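Biologist: Please take a close look at one part of this structure for me, and say how its pieces sit against one another. I am new to the terms, and would be glad of each cut-off as it comes up.

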Amino acid sequence: MLPAPAGDVLCRLSTYLEELEAGELKKFKLYLGTAEELGQVKIPWGRMEMAGPLDMAQLMVAHMGTEEAWLLALSTFERIHRKDLCERGRREDLVRVTPDNGPCSRENQSACLLDVSPSALRKDPQATYKDYVRRKFRLMEDRNARLGECVNLSHRYTRPLLVKEHANPILAQQKLLDTGWGYARSRGHQASPIQMETLFEPDEERPEPPGTVVLQGAAGMGKSMLAHKVMLDWADGRLFQGRFDYVFYVSCRELNRSHVQCSARDLMSSCWPEPGAPLQDIIRTPHRLLFIIDGFDELHPSFHDAQGPWCLCWEEKRPTELLLGSLIRKSLLPQLSLLITTRPSALEKLHGLLEHPRHVEILGFSEAERKEYFYRFFHDTGQASQAFSFVMDNEPLSTMCFVPMVSWVVCTCLKQQLESGELLRQTSRTTTAVYMFYLLSLMQPKPGTPTFKVPASQRGLVSLAADGLWSQKILFEEQDLGKHGLDGADVSTFLNENIFQKDIRCEKFYSFIHLSFQEFFAAMYCALHGRETVRRALAEYAFSERSFLALTVRFLFGLLNEDMRRYLEKNLGWTISPQVKEEVLAWIADKARSEGSTLQRGSLELLSCLYETQEEDFTQRALSHFQVVVVNNIATKMEHMVCSFCVRYCRSAVVLHLYGSAYSAGSDRDPPEPSGTPGLSEDLQEGNALPDVYGAHLSAAVRTNPNLIELALYRTPLGSRGVWLLCQGLRHANCKLQNLRLKRCQVPGSACQDLAAALMANRNLIRLDLSGNSLGLLGLELLCKGLRHPRCRLQMIRLRKCHLEPAAGREIASVLCNNSHLMELDLTGNPLEDLGLKLLCPGLRHPACRLHTLWLKICRLGQAACEELASSLSLSQTLMELDLGLNDLGDPGVLLLCEGLRHPDCKLQTLRLGICRLGSDACAGIARVLQVNSCLGELDLSFNDLGDRGLWLLGEGLRHPACRLRKLWLDSCGLTSKAAEDLSSILGTNQTLTELYVTNNALGDTGVRTLCRRLRHPSCKLRVLWLFGMDLNRMTHRRLAALRLLKPYLDIGC
């Protein structure tokens, strides 16, 4: 290698290091750290670890000198399997010459780097051209880049989703209307995905490789960046190897500036790094050439309307529009392959020039690609994770990020906020704030340019957006623009800011690049035009998420924030009248009056709007009219945060219900594993929990609202921290809460310690529901400490599906022995088994036990449990209701239970034995109970195979004078028309039975008519008869209709 100045080597070395992917650069550093060539002058790992390509080059040159650094870099490239860099570097060393005027100066350094001898060029022209392409396309400038500031394209680039499809104009208009996750999913599923590597490959529909590929996509979708990446990947040997020997890039934007005639030879020569390109050799195999024509839609109309004669010779000089038209039409070099990028606006013009092209649409980023882009944009993975989580929590914003250009803008904005610490500010967490930040960032003048002045067309854009929204119009003609004082020049200027996109088919139409931009501008219009416009928007919206004004009204609320108002006034000179706020508050008050002070319909929408304001006083005033607030289908983390923020300021609410759906921290679209299943460990629950601010808001709500007596949360992942924060509010002296439900809220067992402390401190709390949480025995032990405390006033506790095993019976028994206030206990869905019930029953039999209701459904109970319960029934003076459904009791078990039910001291009034595998023998035992137990008023025997014989045996008890049964469930019990005769007999005798449920039995028309005859009798006291699930004919239905007329109070279900 010839001697070279340090600056020259440093420039070359940093350029080569820029070509390494992030993983390759890390591997390069690791190999460098173990290189024996360095000896005692090894670079400290602490210096290398965070060094970028330029810093790494400087470290190497500083520690070992220019020549040694360069040679060591080449050998290291080979060790990390980047032989292409190693071979290219050595080839440059062989052909590199020093200019006649001596060492490279700063002015001619770039020329020095590209200087190649003629003999070397002739020897390997493809390698020379690829080197030039790499240098030209390796680095890219961000729109807001400072002078000389570049980004490595390979490090930033993220592949968008490509599909083989030609969107027709009707579908294209629908696509603009589709926002949210459904758009990305449906488009990806309806079309056929395609990879860049297979663009020019045959498929099942096309047996021959396509000669022309049209890549269409809206503004900001990344068409030009993709074209640049194709050039770079081809030069790096990663794309189209063995398919194209040369790839040439033609920018239509540059062609617009050319007013001289040229030939295809001239066009190719302009792409070559030096004079004397071997074009004659290259053109001999035109089928091995690819031309990328980037930005067809940007060509002047003269290109689109060009008329022949077309070029036939590649050396013939013609106007550029005719030359380009000849290439596209394949009149010139028909074997040449073309990749043409365009917006949909020019597809109609382009289609007329092409013959059987392959149409590929660029759909932007999927969710996975959005995540990849964020992690590529931010070098710090912590910042990337924080920024991506922030965006994914905000559905409108995350939706907008499917456009790659918007992802760049959002990343740029968030990076500035992260570096300045602003991301933690609440206002930056609203959709409105990010949109505003985005627009203002586009308006900032670049360094060295005059101070930005608000164009007069801004008002026109705002009114155009509103006009389109009122008429639900998203495609605008030129006359529409003219109505609002806009012309083509105004729109083009704004298009450069990537706010607008030219229309689907015709140049005379325009549309906003994404519907959300139109909605944002329309909200500005409403805010600026006072009460009447706001009143109209709210009236048409009515807080329905299905309304076309939903996002517009949300933006409107966000613009009422004082910071937003000041931004508008300072940067655009626009003032929002304070009267707008008062109009909004008055409208919400009217809504409360019309719905009886209950906020349920459209509740999530209203809370989302209030969250956008981020103003405590405004939110409190708006919600002061509602006493009951019920929010359903809270699906995302962002929606949970919205609800908690607003709940804090519901100072008049008496009842608050927040029902989550399928929230998961990892993916808001995938339902999480239910918190009541063993598979979700406590660590996973904590990782999936909502942020602390959620629990803090709930704590403030129960502490500061003296009216709040009921709080219900369902599918709200609190985690231990959330429960701890909530309990701080529950323990406060001002908390008046009486009913707390935390169903499936990922409450871990360890959090029961905090709940126990709250039970000891809060004498108002009388009902607690912890169903669906993985408490386990440890959690129950902690909770029982609070339940046993003398200050605990809890009357009802539900512990359904809390993973309570047999040992839990002992803990519960200790509570029953010590807590005289507890009246209702629900243990449904816990595997207590017979042993657990045996441990629990001493508590039921204790004199201090005041339990009124006990649910033991699905507890894996059997015959032994029935014996224990029989003993308890004979001793308990308070137990009124017992549910043993879905336990395998069988006839022997129920016969044992009946011994306790027949005891004179048994006070049970309701017994549920649904799906307990009972037969006719059990009916005989129950009949004997009915003959002696005058307390039993409700009996459920549904879904047991009793049959007609079982009912006949049961009838002996139902007809007995001592029977006081009022309600009887016999659904799906295998009854036929014969059983109807027994039922008729029972109804003729029993004067207390008022409700009978016999759905899904085969009574048939004969059986139902038999019942009708009995029901017509005045002495029959039945008021409810359900016959659903029976195939009855018209005659039977007429009999039932006549019966309804005779007894209008009779509820007949069929």
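Modeller: Helix α29 passes helix α30 in a left-handed crossing, a term used when the near helix is turned anticlockwise from the far one by less than a right angle, a clockwise turn being right-handed. Helices (H or I, at least four residues) and strands (E, at least two) are DSSP runs, numbered from the N terminus. This is a predicted model, in which local features need pLDDT of at least 70 and side-chain atom pairs count only at pLDDT 80 or more, while totals for chains, interfaces and linings use all residues. Residues are numbered from 1 along each chain as its sequence is written, and side-chain values use heavy atoms, with hydrogens and water left out.

The axes of α29 (residues 530-541) and α30 (residues 550-559) come within 10 Å and cross at roughly 135°, where an axis is a line fitted to C-alpha atoms, for helices over the stretch in contact, and angles run from 0 to 180 degrees between N-to-C directions. The two helices α29 and α30 are therefore oblique to each other, since angles under 35 degrees count as roughly parallel, over 145 as roughly antiparallel, 65 to 115 as roughly perpendicular and the rest as oblique.

The part to look at closely is the sheet. Seven strands make up an open sheet with mixed pairing, in the order β4-β3-β9-β5-β8-β7-β6, and two strands are taken to pair if DSSP finds at least two bridges between them. Strands β4 (192-193) and β6 (246-251) stand at the edges with a single partner strand each, so one side of each has no neighbour in the sheet. At the β4 edge, 2 bridges join β4 to the antiparallel strand β3 (residues 161-164), and K164 has S192 as its bridge partner in β4.

At the other edge, β6 and β7 pair in the parallel sense over 6 bridges, with L290 of β7 as the bridge partner of V247. On the next side, β7 and strand β8 (residues 337-342) are also parallel, over 5 bridges, and D294 has T341 as its bridge partner in β8.

Strand β7 (residues 289-294) is mostly covered, with 6 of its 6 residues buried; buried means under 20% relative accessible area, exposed over 50%, and partly exposed in between (1.4 Å probe, protein chains only). In a regular strand the side chains alternate between the two faces of the sheet. In β7, L289, F291 and I293 lie on one side and L290, I292 and D294 on the other, and both faces are covered.

Aromatic rings also meet here. Rings of Phe, Tyr and Trp (its six-membered ring) pair if their centres lie within 6.5 Å, and planes under 30 degrees apart count as stacked, over 60 as edge-to-face and the rest as tilted. The count by this rule is 28 aromatic pairs, and one of them, Y246 with F248, is stacked, at 6.2 Å centre to centre and 15° between the planes. Y246 is buried at 8% relative accessibility, and F248 is buried too, at 0%. Ring pairs join these two residues with Y129, W234, W272 and F291 in a cluster, and F291 is one of the buried residues of β7.
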